[in-house]
Amino acid sequence: MARPRPETFDKKKIVAENRRARFEYFIDDVFEAGIALQGTEVKSLRFGEGHIAESYAEVKGEQVWLVNSNIPEFSHGNRYNHEPKRPRKLLLHEREIARMHGAVERKGMTLVPLSIYFNSRGKAKVELALARGKKTHDKRETIKERDWKRDQQRIMKAHG
């Protein structure tokens, strides 16, 4: 029998976060994926450098690739330094890849990275989400909801 998946992932050190993704998309399913990195990329991430604000993931054949993520060159790297914006392979199970491929092809969903982090074992991971794009009126509704919750907190704090 398969080991049950944890509800939330064990994030020890968050390196990069895509906060805009939760505003721009409805998040349906969230996956944890490993990243195939080169040595200087890992060092650069350990120093807290990396950006995924404009990145996305795509399924090509039997593999998933993280595209347009920026991990800057390592400052103490030499001629073996990596290319900052190269596509990086994501490590997932075949069933997860098939599920993502089906959702992207049939339902028109998007694969959006939510964060890059190191887990408790020191491995670099990507939190990847299957998401549907929001329309303008949905975004306005999200803003209204967020403002109302903020006002509620202020009222509760003021009155006890």
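**Figure 1. A buried salt bridge joins Arg88 and Glu41 in this predicted model.** Arg88 counts as buried, because its relative accessibility is 1%. Glu41 is buried too, with a relative accessible area of 0%. Their side chains meet in a salt bridge, 2.9 Å from N to O. The pair links distant parts of the chain. Arg88 is in strand 5, Glu41 is in helix 2, and the two are 47 residues apart. Side chains of opposite charge can pair when their charged atoms come close.

**Figure 2. Lys11 and Glu127 form a salt bridge.** The closest N and O atoms are 2.5 Å apart. This pair also links distant parts of the chain, with the two positions 116 residues apart. Lys11 belongs to the segment before strand 1 (13-17). Glu127 is in strand 7 (residues 124-133). Lys11 counts as partly exposed, at 31% relative accessibility. Glu127, at 8%, counts as buried.

**Figure 3. Helix 4 carries a salt bridge between Asp147 and Arg150.** The closest N and O atoms of the pair are 3.2 Å apart. Asp147 and Arg150 are three residues apart in the helix, so about one helical turn separates them. An α-helix has 3.6 residues a turn, so residues three or four places apart point the same way. Asp147 is partly exposed, at 30% relative accessibility. Arg150 is partly exposed as well, at 40%. Elsewhere, salt bridges that share partners join Arg20, Glu24 and Lys139 into one network. The salt bridge count for the model is 10.

**Figure 4. Helix 4 has the span expected from its residue count.** The helix runs through residues 136-158, which makes 23 residues. At 1.5 Å a residue, helix 4 should span 33 Å. Its end C-alpha atoms are 33 Å apart, so the two values agree. Just after the helix comes Gly160, with a positive phi of about 115 degrees.

**Figure 5. Phe47 and Phe74 make the one aromatic pair of the structure.** The pair is stacked. The ring centres are 5.7 Å apart, and the planes are at 25 degrees to each other. Phe47 lies in the loop between helix 2 (39-46) and strand 3 (56-60). Phe74 lies in the loop between strand 4 (63-67) and strand 5 (88-91). Phe47 counts as exposed, at 59% relative accessibility. Phe74 counts as buried, at 10%.

**Figure 6. Two charged side chains sit over Phe rings.** Arg46 lies over the face of Phe118, 4.3 Å from the ring centre. The charged end of Lys134 sits over the ring of Phe26, at 5.2 Å from its centre.

Key
Residues are numbered from 1 along each chain as its sequence is written. This is a predicted model: local features need pLDDT of at least 70, side-chain atom pairs count only at pLDDT 80 or more; totals for chains, interfaces and linings use all residues. Side-chain values use heavy atoms; hydrogens and water are left out. Rings of Phe, Tyr and Trp (its six-membered ring) pair if their centres lie within 6.5 Å; planes under 30 degrees apart count as stacked, over 60 as edge-to-face and the rest as tilted. Helices (H or I, at least four residues) and strands (E, at least two) are DSSP runs, numbered from the N terminus. Buried means under 20% relative accessible area, exposed over 50%, partly exposed in between (1.4 Å probe, protein chains only). A charge sits over a ring if NZ of Lys or CZ of Arg is within 6 Å of the ring centre and within 35 degrees of the ring normal. The expected span of a helix is 1.5 Å times one less than its number of residues. A salt bridge is a side-chain nitrogen of Lys or Arg within 4 Å of a carboxyl oxygen of Asp or Glu.
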